[in-house]
Amino acid sequence: MDHFLYKNGVLHAEDVAIPDIVASVGAPFYVYSTATLTRHFQLFDDALAGMDHLVCYAMKAASNQAILQTLAKLGAGMDVVSGGEYARARAAGVPGERIVFSGVGKTRDEMRLAMTGGIRQFNVESEPEMAVLSAVATELGVKAPITIRVNPDVDAKTHAKIATGKSENKFGIPISRAREVYAQAAALPGIDVIGIDVHIGSQLSQLEPFELAYQKVAELTETLRADGHDIRRLDLGGGLGIPYTRSNEAPPLPTDYGAMVKRVLGHLNCEIEIEPGRLIAGNAGILVSQVIYVKEGEDRKFLILDAAMNDLIRPAMYDAHHDIEPVIEPQAGAERATYDVVGPVCESGDTFAKGREMAQMNAGDLVAFRSAGAYGAVMSSEYNTRPLIPEVMVNGSKFAVIRSRPSFDEIINRDTIPEWL
Ligand code: LLP
């Protein structure tokens, strides 16, 4: 469920009419709903009620400071994957003890930043990383709390570019070698082993792969405890998918996911962490864009928008589908047309949808890409020197620009000219 609905024939974000934002900010832009963000966080938090747990929002999905603060105020922890994300989480007021550091290639500088600023735990992904972490912690005179990310060799049944839990993927250590690596960890002076971490992929549409992975984690917990390790925390990763089309079969709800977690892992009395990103932010944001031209091709019509692949790369990168809807609700029986929906960038890959049937559109009309809140703004670039588009946040009948559009001068002035020119 989200809060982007037609009211009196006009698409609204909560109680704000989209054309009102366009009038003040100009298209294109992203707009997020506070109510949807809040609702989605709460769904996860409620789903794990009764277990000692922390929902660590995977901020790679959408990391604007206003989004982070909204979630932080609800008590969210954060899953970060870079020094920059760590700094963002701290700047949003998230205490170190609610920040989890994931990622396959943490640098010494990032480790130092997190250990001096405060950290809940590092999710370690390899033996060399663990050795470096131990050394950095020892230099700082502390012990680094860690889980080790195990790769359970489970098929997440999702797009190949976002599946992470098979043995051919670069993530984690093979679960078959876990005992050996935990023994190594216990012998390192700067390491404090506290748990196990697993994340098998993103946009999962079924519970079964999660359950298979979590069963393996449950078995491993017992084995490692028998080996003498004090396993007291399980980080279960993120990955629960969202409906990208209205017609699609809906993926499982956080409630079902939570019930499964309790069933498979509840008896272990571990503290549970989860790292959802997409399910919290995905349907909490839309991308609003204006039609520049409608172009008649030889055998097709092109809807040329002012948003492009640099603003939303998911269709070009993952063949992802986003519903595209007119901001002004079409009248019943209005004419329909079939378009290739494209942006102005000089690449054929700058195509949002091929052969998409929708209400007939004209130059100047506004459209909304639904489900664009996660992995939208954060993956955008200034390719073709197209300024990063603004982000707007709505709360009831209020809206605010939470990242403004840079001017051309601001973009150009980031470059510097060598003295020899
Ligand atoms: N935890 C870890 C360790 C992750 O690598 C990820 C996502 C998450 C949590 C959050 O997963 P989520 O709940 O959002 O599925 N750019 C791609 C998605 C990449 C996901 C990367 N890792 C897309 O646009 O579909």
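Start by selecting glutamate 275 along with the ligand: one of the glutamate's polar side-chain atoms sits 2.6 Å from a ligand nitrogen atom. Keep in mind as you click around that this is a predicted model.

Now add tyrosine 375 to the selection. Here a polar side-chain atom is 2.6 Å from an oxygen atom of the ligand. Next, pick glycine 239, but look at the backbone this time: a polar backbone atom there lies 2.8 Å from a ligand oxygen atom.

How much of the ligand does the protein bury? Taken alone, the ligand exposes 590 Å², and 91% of that is buried by the protein.

Time to show everything around the ligand. You should get 18 surrounding residues, and the closest are Ser202, Glu275, Arg314, Tyr318 and Tyr375.

Hide the ligand and turn to the empty space in the protein. The largest pocket holds about 680 Å³. It is lined by 32 residues, and those closest to the pocket's centre are Lys60, Thr164, Phe171, His199 and Tyr375. For secondary structure, highlight helix H10 (278-281) and helix H11 (314-318), the elements that give two or more residues to that lining.

Try colouring the lining by residue class: 13 nonpolar, nine polar and 10 charged residues should show up.

Last stop: colour by domain. Where does the largest pocket lie with respect to domain 1 (4-31 + 282-412) and domain 2 (103-274)? Both domains give residues to the lining, so the pocket lies between them.

Notes
Residues numbered from 1 in each chain as written. Predicted model: local features only at pLDDT ≥ 70, side-chain atom pairs only at ≥ 80, totals over all residues. Heavy atoms only, no water. 1 Å grid on protein atoms, 1.4 Å probe; cavity = no way out; pocket = protein on both sides within 12 Å on 5 of 7 lines; lining within 4 Å. Points joined across faces, edges and corners; volume = space filled by probe spheres on them. Helix = DSSP H or I, 4+ residues; strand = E, 2+ residues; numbered from the N terminus. Nonpolar A, V, L, I, M, F, W, Y, C, P; charged D, E, K, R; others polar. Domains from an automatic or database assignment. Near = heavy atom within 4 Å. Polar contact = N/O pair within 3.5 Å; in protein donor to acceptor, adjacent residues only side chain to side chain. Areas by Shrake-Rupley, 256 points an atom, 1.4 Å probe, with all protein chains shown as cover.
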